[in-house]
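User: I'm new to this structure and would like a close look at one part of it. Could you pick a residue in the core and walk me outwards from there?

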Amino acid sequence: MKPFLWEVGKIDLILRQSLSMNYLSVEQIAKSYGERLLFQNISFGINEGQKIGFVAKNGTGKTSLLNILSGEDTADDGRVVFRKGLSVSFIAQDPQLAPHLTVEETIFSSEKPILKVIENYEKALLNSHDSEVYQKAFDDMDAYQAWDFETFYKQILFKLKLENLDQKVATLSGGQKKRLALANALLSQPDLLIMDEPTNHLDLDMIEWLEGFFAKENLTLFMVTHDRFFLERVCNEIVELEDGNLYTYKGNYSYYLEKRQARIENFETETGKAKQLFKKELEWMRRQPKARTTKSKSRIDDFHEIKARASQRRKDHEVQLELNMERLGNKVVELHNLTKSFGDNKLFEKFNYNFQPGERLGIIGKNGTGKSTFLNIITGSIVPDQGKVIVGETVQFGYYTQKGIEAKEGQKVIDVVREYGDYIPLKKGRQISAGQLLERFLFDGKKQYDYVEKLSGGERKRLYLCTVLIKNPNFLILDEPTNDLDIVTLNVLENFLLDFPGCLVVVSHDRYFMDKIVDHLFVFRGNGIIEDFPGNYSDFRTYEDSASKERSETAESKPKNHWKSDSNKTKLSYNEQKEHQKLEKEILKLETERELLQNQFATENWSGPEIDKQSVRLQALMDTIEAKTERWFELSTKMEE
């Protein structure tokens, strides 16, 4: 019976998928920039409930395709057909937001009616002396059932660290703008959400929250991301664009890897057969007389097709370099009593550490805890407030920063790398030239002579990486190297780093990358605390989850506080503190309003209809007090650990 039940379940799944509503159809689209063809004859569809990850190499048109789907750009040929009335939100890599607006004004500029209701309610709270305006705003919150959405709205702002609602967009960093665009998109609750690298500029806590949010919510997603854990845990379908062809895999990232490998092996097998047949047909072609029969002409036509199939080859590169870098001595880099603060923000205090030859360190922590500052102090571009850094005589730093590369106008790819070096020495007297290094990192011969301004964002990052490696460093520091790199390039980089014999320090939010590359972690906790964790990111996450569970079980054993008890015992975030204080004021105000209304029942000579009306109002007040008190309890139970 089990196989039968399984088949029934599978058929049911297929039927449900086939019955799901079509949101968007892409029909035979093409896109070029000058002579450069990105793609052509691309066709696929997006149905309700699909969570699709789009995978392709840098420079093959991923961002261009997303811009076409979102309406930011148009295709040269073909068309994109949307279901009538479909609401679509698009999160670009570099969002364009109105610079004169504040964070809060940007959020409330949405056309979603419920956000206007919440905006009016927030304003009414600030001007509570105007009872008529307040009552109208309060009634609208009830009418639109906006109380739950307000909680959702505050949760989004808290999770994405958008705490200063009065800050102007013009003063935000690139990462803050990306998080604001993400908040806007989530709050608009679109039918279809299109995202270009949504995890860039998010710290690990934010990524894991977003991952969980997308995994449980009934959303339709189409995204480009290099974050392989994100693809694994969120997506139910992977679409790959390779050599102008689309391949669809009905599963998550693990399923994609398995089926893609099977496809590649099948490709190699078929190509091998074609080569054997090509040799046989080539001999026949050479023996043929000039006079051709109809049958032989047909065979000749087939020969050219066989030749094309036999000539196919995959452009996969395995990095296998035996680097001959300068040997690190016993003294590598020593950190003595390092202390650094910016104003009241203490990044680290009296931190000591000695790096060992061949060490592989990952650095994680929330944004603003000092990760990049730490790297800049090691390399000497920032001076610590106290303490010193001692660098060994043989140490040669290679430092990949988040800023990227600034190429000169009219400069070609190969010339950029040659500015930093012509070759890398290998063992046994061999060497690898600048051109060969570029080829290992997926710049073919033709691409090496392209102008840098023609490169995509990801290709520029790849080129910058080559300029760092051509210097042949023995102490390599990578600050967010995976941002904007495609998955194929990440695999190449990982293979290179696995063979790298020197010291390696990596700051990254890419958990898959960290798991594969590093041996231990520095965890930047904030408030000057840095912990050395012996393991990779998955080990750390397992440890943290078990510790969090223990803390939660301890907290559950404590008695709950009344909402009027001392709230100073809680350790809340800035946003939660504001919400906590506002709730206290709101509950007091609502309780006063309830008491006044209850007294009016005894003193006012209301008619029957008026009594009914005021009874409904009283019940609404009591329900609101209960909901807000419950939220107050939730915040109050976050006690000191």
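Analyst: Let's start at Phe214. Leaving aside residues up to four places away in sequence, Phe214 touches Lys51, Leu186, Leu193, Met195, Leu219, Leu221, Phe230 and Val234. Keep in mind as we go that this is a predicted model.

Phe214 belongs to the largest nonpolar core, which has 61 residues. Which residues touch the most other members of that core? They are Ile107, Tyr153, Leu186 and Phe214, and you may have spotted that Leu186 is also on the list of residues touched by Phe214. Helix α4, residues 113-126, supplies the largest share of this core, with seven residues. Apart from this core there's another one, of 47 residues, with Ile364, Ile405, Leu504 and Phe533 among them.

Now for the helices around here. Two packed helices are described by the angle between their axes and the distance between the axes. For α4 and α6, the angle is about 85° and the axes are 10 Å apart. That makes α4 roughly perpendicular to α6, because angles from 65 to 115 degrees count that way. On the α4 side, the contact is made by Ile114, Leu115, Ile118, Tyr121 and Glu122. On the α6 side, you'll find Trp147, Phe149, Glu150, Tyr153 and Lys154. Tyr153 is a name we've already met, as one of the residues touching the most other core members. Sorted by class, the contact of α4 with α6 has seven nonpolar residues, three charged ones and no polar ones.

Helix α6 also meets α8. Here the axes come within 10 Å and cross at roughly 145°. Phe152, Gln155, Ile156 and Lys159 are the α6 residues involved, and they meet Met206, Trp209 and Phe213 of α8. This contact of α6 with α8 has five nonpolar residues, one polar and one charged. Our starting point fits in here too: α8 covers residues 204-216, and Phe214 is the residue we began with.

Two loops in this neighbourhood are worth a stop. Lys161 is in the loop between α6 (147-159) and α7 (174-188). Its phi is near 55°, a positive value in a residue other than glycine. Is Lys161 buried or partly exposed? With 29% relative accessibility, Lys161 counts as partly exposed, because buried would need a value under 20%. His201 tells a similar story, in the loop between β6 (192-196) and α8. The phi of His201 is near 75°, again positive in a residue other than glycine, and at 32% relative accessibility His201 counts as partly exposed.

For contrast, here's a sheet elsewhere in the chain. An open sheet of three strands runs in the order β11-β10-β13, with antiparallel pairing. Its edge strands, each pairing on one side only, are β11 (345-354) and β13 (386-391). On average, neighbouring strands of this sheet are turned by 20° against each other, direction ignored. Strand β10, residues 333-342, pairs with β13 over five bridges, and Leu335 has Val389 in β13 as its bridge partner. Helix α12 (residues 371-378) lies across β10, β11 and β13, at about 130° to β10.

Finally, the wider setting: the protein chain comes to 20 helices and 20 strands, and 46% of its 641 residues are buried. Of the contacts with a separation of 6 or more, 70% are between residues 24 or more positions apart.

How values were computed:
Residues are numbered from 1 along each chain as its sequence is written. This is a predicted model: local features need pLDDT of at least 70, side-chain atom pairs count only at pLDDT 80 or more; totals for chains, interfaces and linings use all residues. Side-chain values use heavy atoms; hydrogens and water are left out. A nonpolar core is a set of buried Ala, Val, Leu, Ile, Met, Phe, Trp, Tyr and Cys residues joined through side-chain atoms within 4.5 Å. Buried means under 20% relative accessible area, exposed over 50%, partly exposed in between (1.4 Å probe, protein chains only). Helices (H or I, at least four residues) and strands (E, at least two) are DSSP runs, numbered from the N terminus. Contact means heavy atoms within 4.5 Å. Two strands pair if DSSP finds at least two bridges between them. Axes are lines fitted to C-alpha atoms, for helices over the stretch in contact, and angles run from 0 to 180 degrees between N-to-C directions. Ala, Val, Leu, Ile, Met, Phe, Trp, Tyr, Cys and Pro count as nonpolar, Asp, Glu, Lys and Arg as charged, and the others, Gly among them, as polar. Angles under 35 degrees count as roughly parallel, over 145 as roughly antiparallel, 65 to 115 as roughly perpendicular and the rest as oblique.
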